Amino acid sequence: MIKISAKNVDVFYGKKQALFNINLDIEENQVTALIGPSGCGKSTFLRCLNRMNDVIDICKVQGEIVINDFNINDKGCDVVRLREKIGMVFQKPNPFPKTLYENISYGPSIHGMAQSKQEMDEIVEISLKKAALWEEVKDRLHEPGTGLSGGQQQRLCIARAISVQPEVILMDEPCSALDPIATAQIEELIDELKKEHTIIIVTHSMAQAARVSQRTGFFHLGELIEHGLTDKIFKNPDNTKTQDYITGRFG
Amino acid sequence: MNKNKEKLLAKRYSSEKRFQFLGKSAIFMALLFLAFFIFKIFSTGYTAFQKTWLIVPVNFDAETMYLDANPSKEDLEDADYFEISLQSMFNLDKNANEKQQNELKKMVSYFFEREIKQELINDPSLLGKTKEIYLTASDDLDQVFKGNYPRDLPEKQRRVTDYQLKIFDQLVEQGKVESKFNLSFFTYPDSREAELAGIASSFMGSIFSILVCLVIAFPVAVLAAIYLEEFAPKNRFTDFIEVNINNLAAVPSIVFGLLGLGILLAVFQLPRSTPLVGGITLSLMTLPTIIIACRASLKAVPPSIREAALAMGASRMQTTMHHTVPLSMPGTLSGTIIGLAQALGETAPLILIGMVAFVNTIPGSPMDPAASLPVQIYIWAESAERGFVEKVSACIMVLLGFLIIMNLFAQIIRHKFEKKWS
């Protein structure tokens, strides 16, 4: 089933066009990897999906992005509710400089998801368990989140993202600041999360894309060159540029 | 070739040495000036914290004061102390002629009558007895006792006569002159008489001005900074505003004084010489300082925190109020304190709005006339009496102490919170 459907998406930074006519369908409960060389527009595309590009004054997005039969680029779209449904994990772990508990409870509390302290405790526990962090931090929930290791911080950010039960989780190179062990943990986690969430991950690591994703899209110079099942893209791509990139001839 | 290289290397080393030497001598010069300045202030000022008293026997003779044997409190208040006060001074030299008696009277402050009165009111049982009482010495004798007065000048060029010096020396010999901590410097308002002048009125004036300044400038500046930094679109108009805020910070303070004079006093008819007007004028000056500090610390909050909050579905307002502003507070607060410290040392605008007036009462609210510490320094520095020289330095010491405490406080706030967030 198709969860997100991007139609003719163009993005401009001022006068410079960053994305050209992107058409891409994202399948529900699958991991879709977006790969491509630096500056190819894959992160820009990812940020279109929860309208994070709104933050950048000069950025203009055109085209349709339909999620649950609703075009999120419509004027009537409420970004606050959109971002409640579409969580995001960033390249660099960015926990709030608050306690672990406050990090997780922030989303549910601003969206009014817990009626009592008990419910909130539950949400925090479930989110941390889903992010495979509970066992490591359950005794220090009221210590600052910035005191964790890099990998733990990133899992904390994932727990924070899933605390509001989003339908989609966007991940912007979530492992680029982590060591291989922490990366393996996150990848395992992604595999687990896809049962309940649709995941779109931007990555520089071809191996990672191959390991975690079911579908892959290859971006180059602001265009979506090729997309499809990960197996096919990696083993038998249609386009020579894709072939060149995957075999490491450029990028 | 090799020789050339060696030469070049030697040149590079020597140029670095030269640079280091210049840098060190610059620092040395700065420290030297500072040390000289501090030494000068302390060496002239420290004597102001001591006050000279003459111990004079006073005969509380009921008859002279027109009192009966058991006077009520009101009677004591209304009694005539002038005669016994005069008499006790004249008694220092029983053979004094009229001119000399006048000189004797001038050896203590004109306040001496009240000092004697206070003594009796505190202890009514003294009535009819004689007691040695501490009287404030005149400012000139105070200076003589502290060794600041050139006694070897010819008499005509001195404000102290030979006769006064003679009597004074006798008193010193008898141990009837004492130097004690000068509490009145802190508790008395300004006075025309150096021995009675204190900083209470200007101190309170400064405190009230700073409070008014803080109450007005802080909320306005923080709101302006948050709006400009977090909400306002970046366009030519906001650029224009930003440039003008920076310009405002560079406007000479006297211009703000003129503004206060022209608008607050002339148009709004606010009471002249009051800390209220002074505080409002100073707040105009402090405003850009706080705005700039607040914007800088908002800018320093990593964008990743804003993105994290926005991506969680927080509105812009929530992102700002829950995350960005609390993180920027330490910087904003220390900027505010530094702005206030600047305002505390400001003189020119206060002179223009009339806070330079002679105020011999201690203000009880921002609506009462008052001076301020730097203006007090200016007033005293203009006074001719020798007694004010040490007061100027002492007042500078108090002001500097205040500024150092404020800056220290700013440092502590910044330091403490920085630790917490990293």
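In the predicted model, A:Ile2 stands opposite A:Glu27, a residue of strand E2 of chain A. This pair belongs to the contact between strand E1 of chain A, which spans residues 2–13, and E2(A), where eight bridges join the two strands in the antiparallel sense. On E1(A) there is a further pairing, since eight bridges also connect this strand with strand E4 of chain A, residues 59–67, and here too the strands run antiparallel. Within chain A, A:Asp10 is placed opposite A:Gln62, which lies in E4(A).

Taken together, these pairings are part of an open sheet of four strands in chain A, arranged in the order E2-E1-E4-E5 with antiparallel pairing. Strand E2 (16–27) and strand E5 (70–71) of chain A stand at the edges of this sheet and have a single partner strand each, so one side of each is left without a neighbour in the sheet.

At the E5 end of the order, E4(A) and E5(A) run antiparallel and are joined by two bridges, and A:Val66 has A:Asn71, in E5(A), as its bridge partner. The two strands form a hairpin with two residues between them, and A:Asn68, which is in the turn, has a positive phi of about 50°. A positive phi, of about 60°, is also found at A:Asp69, although this residue is not a glycine. Such values deserve mention because most residues other than glycine have a negative phi. A:Asp69 is located in the loop between E4 and E5 of chain A, and its relative accessibility of 78% lies over the 50% cut-off, so the residue counts as exposed.

The sheet is one part of a chain that contains 10 helices and 10 strands. For the 251 residues of chain A, a compact globule would be expected to have a radius of gyration near 18 Å, and the value of 18 Å computed for the chain agrees with this expectation. Along the principal axes, the C-alpha atoms of chain A fill a box of roughly 55 × 45 × 35 Å. Of its 251 residues, 54% count as buried, while the chain exposes about 11300 Å², of which carbon and sulfur atoms supply 48%. When contacts between residues at least 6 apart in the sequence of chain A are considered, 66% of them join residues at least 24 apart. The chain carries 29 positive and 34 negative side chains, and the centres of these two sets lie 4 Å apart.

In chain B, two loop residues were examined. B:Pro150 is found in the loop that lies between helix H6 (139–146) and helix H7 (162–173) of chain B. Its relative accessible area is 25%, a value between the cut-offs of 20% and 50%, and B:Pro150 is therefore described as partly exposed. Leaving aside residues up to four places away in sequence, B:Pro150 touches B:Arg158 and B:Arg386. The C-alpha atoms of B:Pro150 and B:Asn235, by contrast, are separated by 69 Å, with the two residues standing 85 residues apart along the chain.

The other residue, B:Gln269, lies in the loop between helix H11 (253–265) and helix H12 (275–300) of chain B. Its phi is near 55°, which is a positive value in a residue other than glycine. With a relative accessibility of 60%, B:Gln269 counts as exposed.

Definitions and conventions
Residues numbered from 1 in each chain as written. Chains lettered and ligands numbered in written order. Predicted model: local features only at pLDDT ≥ 70, side-chain atom pairs only at ≥ 80, totals over all residues. Heavy atoms only, no water. Rg over C-alpha atoms; globule rule 2.2 N^0.38 Å. Buried < 20%, exposed > 50% of the residue type's maximum accessible area, 1.4 Å probe, protein only. Contact = heavy atoms within 4.5 Å. Areas by Shrake-Rupley, 256 points an atom, 1.4 Å probe, with all protein chains shown as cover. Lys, Arg positive; Asp, Glu negative; His and termini not counted. Charge placed at Lys NZ, Arg CZ, Asp CG, Glu CD. Pairing = 2+ DSSP bridges.
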